[in-house]
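Trainee: Could you take one part of this model and go through it closely with me? I'd like to start with a sheet and then work outwards.

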Amino acid sequence: MPLLLYRRVYTMKKKSSLGKARERAGLLFVLPSMTILTIFVFIPLIISFVFSFFKFDMMFNNFEFQKLDNYIRLFQDGKFFNALWNTVYYTVCTVPVQIMISLIVAILIKKQSWFNSFCKTVFFIPAICSMTVISIIWSFLINKDIGMFSYWLELLGFEMVDLLNSPVWAMPTVILVGIWKNLGFYMVILLAGLNGIDESYYEAAVMDGAGAFQKFRKITIPMMMPTLSFTVVNCIIGSFQVFDQVYVMTKGGPLFKTQTLVQLIYSTAFESFDMGYASTIAVALFAITFVVSVLTFKHMTREEDNIA
Amino acid sequence: MKRKILAAGLAFALLTTSALTGCSGGNSDSKESGKSDGEKTVITFWNGFTGSDGETLEALVDEYNETNDKNIEIEMSIMPWDTLYQKLSTTLAVGEGPDIVAMATERIRTYAEPGAFVPVDDAYTDGYIEEDAVPEVLKENLKYDGKYYGVPMNIASLLLYYNKTIFEEAGLDPNSPPATWEELEQYAQQIVDKTDKYGFDMAVKDTTPMWCIMLWGNGGDYIQDGKAVFNSEQNVETITRWAENIRDKGFGPEVLTGGEIDKLFESQKLGMYFCGPWATTGLKNAGIDFGVAQAPAGPAGQVTQANAVGMYLTSSSEQKEAVYDFFRWWNTKDTQVKWSLGTGFPPARTDMADDERLKENPYIAEFSKPIENGSKMYLQQLSNFSDIDTQVIVPAFEKILLENADVKATLDEANKQMEEMIK
């Protein structure tokens, strides 16, 4: 996100010749949010980086400098790699499916009509609900013994799998709930992108004899590239930080099959009270997310430039 | 027009979500903690009694605030337990924690060791708490390193709940619950065979421990004299037997959380399970015809799990005297009677068995019995209770029940991990 902003600001600056005074005015405008970011993001970031080299107790006493021991422990920690694998599993499944479904839905309900507006509202409701509430509701719905879905399946003659207690199915279930919740959010962003495409491109393409798929491939996708790259990067970052639905639906179980990195950080910090090592994992997560988003963003903007 | 509909829809959605999530926000003005408001001494008290017992607790705290003659006001915040632990770890470190915290006794050492809780020996020696009235099983577990760190808040034992309607449906006598493991197995099998209900089950995670009742019933344990004994011969035998019953004979779903097993019993799909006194009120109100019985005796005798919540004075508090006054008031007979009758919990005192007032609720006497004699507490006195429970014991049961893993090998591995962790 900040990267994206930076790039936009940077290109703007290049194009228009802003004077020094206006630049100062610009800085003044970002000052409030910079202050908040500094206090709540940058300073904690630095502190947890420092903490990641220490071991200390719940009362923040008995600080012991660990040199690189926390990091060495990290690379030998089966739990960390398990959580990393689960997080990657979550991300790799979520991002493409999420973006694809959201895009398809956005295209389907793009036209202004009473029905489409209704759909937009309905799809958007989960996006503004708390993930905790959604996770609780879903856990009930799919519960093998008392869930509504299980009851319906039973009426149809099928037997429900105990999804959240199954080492195989727990993760896909959590992924689906995540996608279901965020559908509305990504749909709205993509809709805005879609509506930004001038109808005349499509009209011209039709004149040239383009079909629906060609219009999609040659006009919609290229024109949507900036929006898509934003949503993809956003979705990747969000997926790497997945926590709430896992915490509420499975607590990382069964057998740690849904334990993600943030969940591991949480349990290390607030259940084992090992704040130092929790910070080490957090730093690792930061590094991983940073590298992945930068690479994705670079790749997507290159696509963008190629097209333009 | 369309836009208006959309806006109205969104506004409605926002409204419902904020209503749904509204209950999650806790009252956190801990800054007022310990400061006198005029002449008033304000004491903050955090706990996790979010269930129906929370109402009784709130009423009692209100009563204390109105009636105490020392002008003390208890400002109580009830939040889910996990939120409580999380908030404690960030507030206690900077001295902004509550004056009083209530939590299960197995967590005492986690907080006492780094000095987040402070010793309260003088509450006992100065007569605020009558030591003789504290149940024996609880006494040792309110201590760490030989010092008292807590005073009783509540104590409970688990009994076998059984659904009389399901018993009748299966052709069993609804007035004679199983008394031994053999009978329990036989009854459960009969329920499974003759009805479409589950017979008997035990929750594995996020629950008050149930499997320990079986382990102890066969003479096994988790940790003895500071050594891990999870892979003992008796435990292998016990777990093999009951895993087969649950998993292979279909007595019940393999891995349940405490919440799930409660719901299963509430919805009359489960014939028998272990639970504490907190379930009686809800089940009665739901119109379920159930009974409670002492846990069926295993080969090594009859035993059940007792668990207790203590109240602790935190290092953030500067109002020890006022805190002790509340501790005293809470543990008086009168308050204990009101707490017992309101919640179904037995009183946390041993000298009230004959109290006429308690006879109003017949369950109280049943749940009191094992506390006197015949109950143990789960994984006490550890500095890392939560890690050992959630990272070693629960996964071992999951492996056995879900993946059919070899019992001996699984317990051997878990025992090794446990040894590492209690070193």
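Mentor: Sure, let's begin with what pairing means here: two strands pair if DSSP finds at least two bridges between them. The elements themselves are DSSP runs numbered from the N terminus, with helices being H or I over at least four residues and strands being E over at least two. Bear in mind that this is a predicted model, so local features need pLDDT of at least 70 and side-chain atom pairs count only at pLDDT 80 or more, while totals for chains, interfaces and linings use all residues. Residues are numbered from 1 along each chain as its sequence is written, and chains are lettered from A and ligands numbered from 1 in the order in which they are written.

Now the sheet. In chain B, four strands make an open sheet with mixed pairing, and the order is β9-β12-β8-β13. At the edges you find β9 (198–201) and β13 (290–293) of chain B, each paired on one side only. From one strand to the next, the twist averages 20 degrees. For a closer look, take strand β8 (residues 159–163) of chain B: four bridges join it to β13(B), and the two run antiparallel. In that pairing, B:Y161 sits opposite B:V292 of β13(B).

Next, a helix that is covered in part by this sheet. A residue is called buried if 20 or more other C-beta atoms lie within 10 Å of its own, exposed if there are 12 or fewer, and partly exposed in between, with C-beta atoms placed from the backbone. On that count, B:E260, B:I261, B:D262, B:L264 and B:F265 of α11(B) are buried. Their cover includes β8, β9, β12 (270–275) and α12 (279–285) of chain B. Just past the end of α11(B), B:Q268 has a positive phi of about 60 degrees.

α11 (258–266) also takes us to the other chain, as do α1 (2–21), α3 (81–91) and α16 (385–403): these are the elements of chain B that give two or more residues to the side touching chain A. In total, 34 residues of chain B are in contact with 30 residues of chain A, where contact means that the C-beta atoms, placed from the backbone, lie within 7 Å. α1(B) gives the most to that side of chain B, with ten residues. By class, the side of chain B that touches chain A has 16 nonpolar, ten polar and eight charged residues. Those classes take Ala, Val, Leu, Ile, Met, Phe, Trp, Tyr, Cys and Pro as nonpolar, Asp, Glu, Lys and Arg as charged, and the others, Gly among them, as polar.

Let's follow α16(B) inside its own chain. Its axis and that of helix α17 (residues 407–422) of chain B come within 10 Å and cross at roughly 175 degrees. Axes are lines fitted to C-alpha atoms, for helices over the stretch in contact, with angles from 0 to 180 degrees between N-to-C directions. So α16(B) is roughly antiparallel to α17(B); angles over 145 degrees get that label, under 35 is roughly parallel, 65 to 115 roughly perpendicular and the rest oblique. On the α16(B) side, the residues that meet α17(B) include B:I388, B:V392 and B:I393, and their partners include B:V407, B:L411 and B:A414. The contact between the two helices has ten nonpolar, two polar and two charged residues.

The loop between α16 and α17 of chain B holds B:N404, which has a positive phi of about 60 degrees although it is not a glycine. B:N404 counts as exposed because 12 other C-beta atoms lie within 10 Å. Another non-glycine with a positive phi, about 50 degrees, is B:D225, in the loop between β10 (223–224) and β11 (227–228) of chain B. B:D225 is exposed too, because it has 6 C-beta neighbours inside 10 Å.

Finally, step back to the domains. An automatic or database domain assignment sets the bounds, splitting chain B into domain 1 (31–156 + 307–372) and domain 2 (159–306 + 379–422). Their centres, taken over C-alpha atoms, are 29 Å apart. Across the join, 26 residues of domain 1 of chain B are in contact with 20 residues of domain 2 of chain B. On the domain 1 side, α15(B) gives the most, with six residues.

How values were computed:
Contact = placed C-beta atoms within 7 Å.
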